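Thanks for sharing this one with me. Here are my notes, in numbered points, for you to read beside the model.

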Amino acid sequence: MVDFEIIYIIEKINGDYAYCRSESGSCTNIALALLPDDIDEGDRIRFCNFSYEKI
């Protein structure tokens, strides 16, 4: 059961952070240590159950 889910697009990777935009248009910075190893700019990720996965 999914209680809470956010889809982000990786806008830019700079240093240890990924600058992300959600589908609703809000922006946030996410530490790369929390994201899958194989992400790149333009990828979509899902935040669900306190973890991120590439979609």
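1. A word on burial to begin with: a residue is buried under 20% relative accessible area, exposed over 50%, and partly exposed in between, with a 1.4 Å probe and protein chains only. On that scale, buried residues make up 25% of the 55 residues in the protein.

2. Please keep in mind that this is a predicted model, where local features need pLDDT of at least 70 and side-chain atom pairs count only at pLDDT 80 or more, while totals for chains, interfaces and linings use all residues. Residues are numbered from 1 along each chain as its sequence is written, and side-chain values use heavy atoms, leaving out hydrogens and water.

3. The protein has five strands and zero helices, giving the pattern β-β-β-β-β along the sequence. Its radius of gyration is 10 Å, close to the 10 Å that the globule rule gives for 55 residues, so the protein is as compact as a globular protein of that length. Here the radius is taken over C-alpha atoms, and the rule is 2.2 Å times the number of residues to the power 0.38. Helices (H or I, at least four residues) and strands (E, at least two) are DSSP runs, numbered from the N terminus.

4. How are the five strands ordered in the sheet? They form an open sheet, β3-β2-β1-β4-β5, with antiparallel pairing; two strands pair if DSSP finds at least two bridges between them. At the edges stand β3 (27-31) and β5 (51-54), each with a single partner strand, so one side of each has no neighbour in the sheet. Neighbouring strands of this sheet are turned by 40° against each other on average, direction ignored; the axes are lines fitted to C-alpha atoms, and angles run from 0 to 180 degrees between N-to-C directions.

5. Within the sheet, β1 (residues 5-14) and β4 (residues 44-48) run antiparallel and are joined by five bridges. I6 stands opposite F47 in β4.

6. Why are there zero disulfides in the whole structure? A disulfide is a pair of cysteine sulfur atoms within 2.5 Å. The sulfur of C20 is 9.0 Å from its closest cysteine sulfur, in C27, which is too far for a bond. For C48, the closest cysteine sulfur is that of C20, 16 Å away and also too far. Both C20, at 2% relative accessibility, and C48, at 12%, count as buried.

7. Finally, of the contacts (heavy atoms within 4.5 Å) with a separation of 6 or more, 34% are between residues 24 or more positions apart.
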